[in-house]
Amino acid sequence: MNKLHRDISSMAGHLLKVATKHLPSRYVASRIFIPSVAYHKERIGNREVVGFGLNGEPSYIDRTDFPMPAIRFKENSQEIITLREKEKDDWRKLTMDEKKALYRASFCQTFAEMKAPTGEWKSVLAGTLVAMSLTIWIYVWMKKFVYQPMPESFSPERKAAQFQRMIDLRINPIEGLTSNYDYENNRWKD
Amino acid sequence: MFRNAMLSGFSSVRNVKNLFFPSLANIKQGRVSAVCIRSMSKHSSETEEEFDARYEAYFNRSDIDGWDVRKAMNDLQGMDLVPEPKIISAALKACRRVNDYALAVRFLEAVKDKCGNRVKEIYPYIIQEVRPILDELGVNTPEEMGYDKPELYLESVYDIH
């Protein structure tokens, strides 16, 4: 039984060697899988993992709706380690600078900094207005260079003549245009 | 089923009233409360007092470690309530037990954020109730540390080219 197992595993190993013999080495290296815990620990460096975090991964993120991230913000340097020893003692003995250093060691931004306005609305509004003025300039260019001139019937004299024709034809005499015209005296009603 | 719904509906109406009209008299009597409006799901028929007692007992565990403290704080942050001062006191004492000062200050900031747009009414009351614990442990409020205004600037990742 053992001998069979050994034979099979050695056969598998042999097959693997044969299969990868002609592959360039970079392909073979990527087939080594690091467990995900070690992968994350590599990326966070010396920072202490202190909680579950948002999704179980040891990452740092500042969120007002999730205030305690999974890892501390700063790596454990010598000053921070000495501060942690002091932290185990009475907190009333800490100076304000030490308290601030402890906070910044664990967290990147305070809530006030997270929620501070960015002023992004100004650039958004400016961009929108610039785009609108560009389109108006394009309209001006179109009118000057693209469109044909308007027909003569759009001139003021022609329009006046058309209007007089509407009055003569009694257009909308009950509630519309010529209901406001006094035909007896040939002028507009007051 | 309807009786349960009506009862929980009534209690949540009372709770909502507490949240929206915390008159000064109510504040003095300590009734700006941890409001828990969960009348839709059947398996949360817990009263406010039971909820408060459960979280206070959780933080008062003598063998609690930083992981559990953070979990409870994050859970509280996700709920539609401002924690009661007694829960906050228990949480601060838990921070003391795990020797994490920054956690205590962060929790106070988080509580202030939960007050929403009624922060001027609720937050001073909470600090007033929690002041004995703050003095005993030596925890400064974020205002005393100067963290109620932004101190440092962090460039947005979208501006880094």
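**Helix H4 and Arg72 of chain A**

Q: Is the crossing of H4(A) and H5(A) left-handed or right-handed?
A: In this predicted model, H4(A) and H5(A) cross in a left-handed way. Their axes lie 11 Å apart, and the packing angle is about 115°.

Q: What makes the contact between H4(A) and H5(A)?
A: H4(A) supplies Ile80(A), Leu83(A), Arg84(A), Lys86(A) and Glu87(A). H5(A) supplies Glu98(A), Ala101(A), Leu102(A), Ala105(A) and Ser106(A). Contact requires heavy atoms within 4.5 Å.

Q: How do you know that the buried residues of H4(A) line one face?
A: The buried residues are Ile80(A), Leu83(A), Arg84(A) and Glu87(A). Seen down the helix axis, they fall within an arc of 105°, so they line one face. A general rule helps here: an α-helix has 3.6 residues a turn, so residues three or four places apart point the same way.

Q: What do the buried residues of H4(A) pack against?
A: In chain A they pack against helix H5 (96-106). In chain B they pack against helix H5 (85-97) and helix H6 (101-114).

Q: Why is Arg72(A) called buried?
A: Buried means under 20% relative accessible area. Arg72(A) has 8%, so Arg72(A) is buried. Arg72(A) sits in the loop between helix H3 (36-44) and helix H4 (78-87) of chain A.

Q: What makes the pairing of Arg72(A) and Ser106(A) a polar contact?
A: The cut-off for a pair of N or O atoms is 3.5 Å. The side chains of Arg72(A) and Ser106(A) are joined at 2.9 Å, so the pair qualifies. The side chain of Arg72(A) also makes a polar contact of 3.2 Å with the side chain of Asp100(B).

Q: Which residues does Arg72(A) touch, not counting those up to four places away in sequence?
A: In chain A, Arg72(A) touches Arg47(A), Glu48(A), Val50(A), Tyr60(A), Arg84(A), Ala105(A) and Ser106(A). In chain B, Arg72(A) touches Arg70(B) and Asp100(B).

Q: What is the secondary structure of chain A?
A: Chain A has eight helices and two strands. Along the sequence the pattern reads α-α-α-α-α-α-α-α-β-β. Of the 190 residues in chain A, 22% are buried.

Q: Why is the label "transmembrane region" attached to residues 124-142 of chain A?
A: The label comes from the UniProt annotation, an unreviewed entry. Such annotations may be inferred rather than shown by experiment. In the model, residues 124-142 of chain A are 100% helix and 0% strand. The end C-alpha atoms of this stretch are 27 Å apart.

Key:
Residues are numbered from 1 along each chain as its sequence is written. Chains are lettered from A and ligands numbered from 1 in the order in which they are written. This is a predicted model: local features need pLDDT of at least 70, side-chain atom pairs count only at pLDDT 80 or more; totals for chains, interfaces and linings use all residues. Side-chain values use heavy atoms; hydrogens and water are left out. Helices (H or I, at least four residues) and strands (E, at least two) are DSSP runs, numbered from the N terminus. Buried means under 20% relative accessible area, exposed over 50%, partly exposed in between (1.4 Å probe, protein chains only). A polar contact is a pair of N or O atoms within 3.5 Å; within protein, one must be able to donate a hydrogen and the other to accept it, and residues adjacent in sequence count only if both atoms are side-chain atoms. The arc is that of the directions from the helix axis to the C-beta atoms. Axes are lines fitted to C-alpha atoms, for helices over the stretch in contact, and angles run from 0 to 180 degrees between N-to-C directions. A crossing is left-handed if the near helix is turned anticlockwise from the far one by less than a right angle, and right-handed if clockwise.
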